[in-house]
Amino acid sequence: MIALKFLIKNGGWMETEPDKFNNELTQANTKYNSIVKPIIRLIKYWNAAHEYPYFSFELETAVADMDFSNDNLESGFLYATKKLSSYDLPNWAAKKVDILKSDAKWINEYLEHEDIFKAKKALERILPGFL
């Protein structure tokens, strides 16, 4: 097994085992009907579009560890946004996460009222240029 190190936000280094993580990610993806990898891709798209509040590996591991029982891609994505932690993030990054969570909450609200137009507008704020 290959161990790699990468720089983390506090200036230290974190050791990773990519092969082990890939196996765990594949298991989670299989367990939850192949929605975990697409959710990670969407969250990473958000991350890139909003000045990278998280390191990519942090997002991947956080989402891979979530419980997506009874979720589909839509509900799983909204669940993941709700569960992302802003603990230990700098203020600017925590604000980006708070905005993400607020927009996701509005999407849920709009979908409950069957207002697809407003739900798409809120999704466009999360994933600009994606739709």
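A residue counts as buried under 20% relative accessible area, as exposed over 50%, and as partly exposed in between. The views below all show a predicted model.

**Figure 1. Phe57 in helix α3 is partly exposed****.** Phe57 has its place in helix α3. Its relative accessibility is 22%, and a value between 20% and 50% makes a residue partly exposed, so Phe57 belongs to that class. In sequence, Phe57 and Lys44 are separated by 13 residues. In space, the C-alpha atoms of Phe57 and Lys44 are 9.6 Å apart.

**Figure 2. The whole chain is built from six helices and two strands****.** Followed along the sequence, the elements occur in the pattern β-β-α-α-α-α-α-α. The chain has 131 residues, of which 34% count as buried. Its exposed surface amounts to about 8,400 Å², and carbon and sulfur atoms supply 52% of that area. Among the contacts with a separation of 6 or more, 49% join residues 24 or more positions apart. The mean pLDDT of the chain is 89, and 86% of the residues reach 70 or more. Residues 1-8 have a pLDDT below 50; in the model, this stretch makes 28 contacts beyond near neighbours in sequence.

**Figure 3. The largest nonpolar core contains 33 residues****.** Within this core, Ile43, Phe68 and Ile126 touch the most other members. Two or more core residues come from each of α1 (18-31), α2 (36-49), α3 (56-64), α4 (73-83), α5 (91-112) and α6 (116-126). Helix α5 provides the largest share, seven residues. A general tendency may be recalled here: in soluble globular proteins, nonpolar side chains tend to be buried together.

**Figure 4. A close-up of Ile43 shows the residues that it touches****.** When residues up to four places away in sequence are not counted, Ile43 touches Leu59, Val63, Phe77, Ala80, Thr81 and Leu84. Two of these, Leu59 and Val63, are also listed among the buried residues of α3.

**Figure 5. Helix α3 has its buried residues on one face****.** Which residues of α3 are buried? They are Leu59, Glu60, Val63 and Ala64. Viewed down the axis of α3, these buried residues fall within an arc of 120 degrees, and they therefore line one face of the helix.

**Figure 6. Glu60 is a buried residue of helix α3****.** Is Glu60, which lies in helix α3, buried or exposed? Its relative accessibility is 17%; because this value is under the 20% limit, Glu60 counts as buried. With neighbours within four places in sequence left aside, Glu60 is in contact with Phe21, Ile40 and Lys44.

**Figure 7. Trp46 and Tyr54 form a tilted aromatic pair****.** A search of the whole structure finds five aromatic pairs. In the pair of Trp46 and Tyr54, the ring centres are 6.2 Å apart and the planes make an angle of 55 degrees. Trp46 counts as buried, with a relative accessibility of 2%. Tyr54 is also classed as buried, at 7% relative accessibility.

**Figure 8. Phe68 and Tyr79 form an edge-to-face pair****.** The ring centres of Phe68 and Tyr79 lie 5.7 Å apart, and their planes stand at 75 degrees; an angle over 60 degrees counts as edge-to-face, so the pair receives that name. The pair links distant parts of the chain, eleven residues apart: Phe68 is in the loop between α3 and α4, whereas Tyr79 is in helix α4. Phe68 is buried, with a relative accessible area of 1%. Tyr79, by contrast, is partly exposed at 24%. Ring pairs also bring in Tyr32, which is linked with Phe68 and Tyr79 in a cluster.

**Figure 9. Asn33 and Tyr52 have positive phi values****.** Most residues other than glycine have a negative phi. Where is Asn33 found? Asn33 is in the loop between α1 and α2, and its phi is near 55 degrees. Tyr52 is in the loop between α2 and α3, and the phi of Tyr52 is near 55 degrees. Asn33 has a relative accessibility of 64% and counts as exposed. Tyr52, at 52%, is over the 50% limit and therefore counts as exposed.

Terms used:
Residues numbered from 1 in each chain as written. Predicted model: local features only at pLDDT ≥ 70, side-chain atom pairs only at ≥ 80, totals over all residues. Heavy atoms only, no water. Core = buried A, V, L, I, M, F, W, Y, C linked by side-chain atoms within 4.5 Å. Buried < 20%, exposed > 50% of the residue type's maximum accessible area, 1.4 Å probe, protein only. Helix = DSSP H or I, 4+ residues; strand = E, 2+ residues; numbered from the N terminus. Contact = heavy atoms within 4.5 Å. Areas by Shrake-Rupley, 256 points an atom, 1.4 Å probe, with all protein chains shown as cover. pLDDT = per-residue confidence, 0-100. Arc of directions from axis to C-beta. Phe/Tyr/Trp six-rings, centres within 6.5 Å; stacked < 30°, edge-to-face > 60°.
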